Amino acid sequence: MKLFTSVNDVSDVQQLVAEALQLKQNPFAHKHLGENKTLCLVFLNPSLRTRISTQKAGQNLGMNVIVLNIDKEGWALELQDGVIMNGTTVEHIREAAGVMGEYSDIIGVRSFPGLKNREEDYSEMIFNKFVEFCKVPVVSLESATRHPLQSLADLVTIEELKTNDRPKVVLTWAPHIKPLPQAVPNSFAEWMCKGDVDFVIAQPAGYELSKEFTNGATITHNQDEAIKDADFIYVKNWSAYEPYGKILPGNEDWMLTLDKLKEAPTAKVMHCLPVRRDLELSSEILDSDRSVVIHEAGNRVWAAQAVLKQMLEAL
Ligand SMILES: NCCC[C@H](NC(=O)CCC(=O)O)C(=O)O
Ligand SMILES: NC(=O)OP(=O)(O)O
């Protein structure tokens, strides 16, 4: 694998999930694969899980790992072409990415959307510039429209915890005070639509995701109906795709509570984290054995390690 930005970069999803679960059993089985290879993880936005789990994954494979919080520690980056740089930006992404490529065998990039200009965000302008100018394999650490390492870890978690061959998986919208990206739900939907699951999206009217990610999903505005008899409930807020990046009024009653889970007596509750307690998801669920969010975050290591292993094998 030379590029990991979406499920479409994976030749065999089931095999990648199986590989992640094998690595979980035997984390150091390939510790010579990454010997004398450098992984550079570049963050334009904050991170806890992606940063530490991908660093650990690289180290388990024997790689040298460099983390750069470029938003805080680097020179201010110019991302647009054709501008005279006489303002606050100091270094163009063309030079910055090119130089980082000189020091790295694989680069990871996190770049959130601005949520102002849909066309720019959905063209993955920033992420694609890194790919173009660094000239080494690139793994997405969450881009403007997708979070594939998260979705792979989610699929690994479902595979591990499922109690029937074709689980019912429900992605449900949750309230928030800020407009958040569509990257996590887009990506989760895209991976679930390729998996062996019954996939339902429950969201208030107006929060439809871009159709390119939800082909194969059942979409409903009725949360109670969607949740009924679910095996997994994936909770996530996202801002509207149309009008882009906006929060629509109302919908506070969409927060998942234990009471709502009565119709899904064995459902496990997932969230990519970070989660705002009692706004997006009730603490009574997070503190109960219904929640698998910590287990799910733990699986981020094995998802990242499976992807890095395939990238190292292709170097
Ligand atoms: N990497 C995981 C999710 C990142 C991001 N959440 C956030 O920005 C939370 C911000 C806040 O709660 O203020 C999102 O939803 O896409
Ligand atoms: N879920 C996730 O990507 O978390 P971080 O933003 O902390 O990396």
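This passage describes the overall fold, the domains and the ligand surroundings of a predicted model.

The chain holds 13 helices and twelve strands. Its C-alpha atoms fill a box of roughly 55 × 50 × 30 Å along the principal axes. The radius of gyration is 19 Å, and a compact globule of 315 residues would have one near 20 Å, so the chain agrees with that expectation. Buried residues account for 45% of the 315 residues. Of the contacts between residues at least 6 apart in sequence, 77% join residues at least 24 apart.

The domain assignment divides the chain in two. Domain 1 comprises 3-146 + 300-313, and domain 2 comprises 150-297. Their C-alpha centres are 25 Å apart. At the boundary, 22 residues of domain 1 contact 21 residues of domain 2. On the domain 1 side, helix 1 (13-25) and helix 13 (300-313) are the elements that each give two or more residues. Helix 1 gives the most, with five residues. By residue class, this side has 13 nonpolar, three polar and six charged residues.

An unreviewed UniProt entry lists residues 4-160 as "domain: Aspartate/ornithine carbamoyltransferase carbamoyl-P binding". In the model, residues 4-160 are 43% helix and 15% strand. The end C-alpha atoms of this stretch are 23 Å apart.

Ligand 1 is surrounded by Glu142, Lys178, Leu180, Pro181, Ala183, Val184, Cys272, Pro274 and Arg276. Six residues of this shell are nonpolar and three are charged. No polar residue is counted in the shell.

Note on methods. Residues numbered from 1 in each chain as written. Chains lettered and ligands numbered in written order. Predicted model: local features only at pLDDT ≥ 70, side-chain atom pairs only at ≥ 80, totals over all residues. Near = placed C-beta within 6 Å. Nonpolar A, V, L, I, M, F, W, Y, C, P; charged D, E, K, R; others polar. Helix = DSSP H or I, 4+ residues; strand = E, 2+ residues; numbered from the N terminus. Rg over C-alpha atoms; globule rule 2.2 N^0.38 Å. Buried ≥ 20, exposed ≤ 12 C-beta atoms within 10 Å, placed from the backbone. Contact = placed C-beta atoms within 7 Å. UniProt positions renumbered as here; feature names shortened; annotations may be inferred. Domains from an automatic or database assignment.
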